[in-house]
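Work through the exercises below with the predicted model open beside you. Each one sets a task and then solves it step by step.

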Amino acid sequence: SPQAELFKQWFAELAEERLEEIANPALAIERARDRYLERGYSPEWINSRIKCITYHSQLLDEWANRGATTKEYEKLSNTISKETFGVTTQEHKELKNVADGSLRDNMSQMELLITSLAELTTSELHKNNNSQGLDELNADAIKGGQAASFARQQIETTLGKPVLTAENAVNFTQPLLSTKEKALK
């Protein structure tokens with residue numbers, strides 16, 4: 001049928017994109033950047049988000065290499081979040097009114113930065129301590145989150161406002177301007 005043909009064509013294009021990304025991983029980053037731009041995120045926010053993805057991936061690799069199971073990742077992530085921001089990941093989602101989708105796509109640049117600091121610090125602690133197993137990884141997650149919390153508190157004092165807010169993507173994305181609107185500016 002004509003609809004099946006459209007689906008096959010779309011699927012072939014998608015497969016071609018993924019094969020290109022395997023050959024050149026930078027293409028995946030550029031595609032992600034384009035998608036975020038299409039959704040109205042600023043280039044600065046996008047850069048922060050992409051760095052956050054990188055640090056989070058490094059942390060997940062550390063956990064996998066050090067004996068954590070995928071089921072334990074949630075516990076470790078919650079430990080980092082609780083120590084860093086004083087809220088669990090679920091509480092953070094509730095604060096931002098994020099029912100579906102990515103919490104990180106709803107974080108401000110500052111929240112992304114502090115999250116990255118916590119995760120990178122935790123990764124470094126794992127390496128320095130040669131941590132193995134859930135108990136040791138959790139101890140590092142506590143310390144990594146506490147270090148990021150200290151930085152967060154200093155930033156809040158300096159800026160005079162909290163880093164953790166209820167603001168979400170709606171508050172810091174801009175609708176895309178049409179070509180006509182751009183020409184009028």
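**Exercise 1.** List the residues that line the second largest pocket, and state how they divide by character.

*Solution.* Begin with the lining itself, which in this predicted model is made up of Ser 42, Trp 45, Ser 108, Gln 109, Met 110, Leu 159, Lys 161, Pro 162, Val 163, Thr 165, Glu 167 and Phe 172. Next, sort these residues by type, which gives 6 nonpolar, 4 polar and 2 charged. Finally, note the volume of the second largest pocket, about 260 Å³.

**Exercise 2.** Determine which helices supply the lining of the largest pocket, and which of them gives the most.

*Solution.* Start from the volume of the largest pocket, about 400 Å³, and from its lining of 20 residues, among which His 56, Ser 77, Thr 89, Arg 104 and Glu 119 lie nearest the centre. Then turn to the helices: H3 (43-65), H4 (70-85), H5 (89-95) and H6 (109-129) each supply at least two residues of this lining, and H4 gives the most, with 7 residues. By character, the lining divides into 6 nonpolar, 10 polar and 4 charged residues.

**Exercise 3.** Decide whether Ser 131 is buried or exposed, and list the residues that it touches.

*Solution.* First locate Ser 131, which lies in the loop between H6 and helix H7 (133-159). Its relative accessible area is 2%, and buried means under 20%, so Ser 131 is buried. Leaving aside residues up to four places away in sequence, Ser 131 touches Arg 66, Leu 125, His 126, Glu 136, Leu 137 and Asp 140.

Note on methods: Residues are numbered from 1 along each chain as its sequence is written. This is a predicted model: local features need pLDDT of at least 70, side-chain atom pairs count only at pLDDT 80 or more; totals for chains, interfaces and linings use all residues. Side-chain values use heavy atoms; hydrogens and water are left out. On a 1 Å grid over the protein atoms alone, a cavity is a set of points where a 1.4 Å probe fits but cannot get out, and a pocket is an open set with protein on both sides within 12 Å along at least five of seven lines; lining residues have an atom within 4 Å of a point. Grid points are joined across faces, edges and corners, and a volume is the space filled by probe spheres set on the points. Helices (H or I, at least four residues) and strands (E, at least two) are DSSP runs, numbered from the N terminus. Ala, Val, Leu, Ile, Met, Phe, Trp, Tyr, Cys and Pro count as nonpolar, Asp, Glu, Lys and Arg as charged, and the others, Gly among them, as polar. Buried means under 20% relative accessible area, exposed over 50%, partly exposed in between (1.4 Å probe, protein chains only). Contact means heavy atoms within 4.5 Å.
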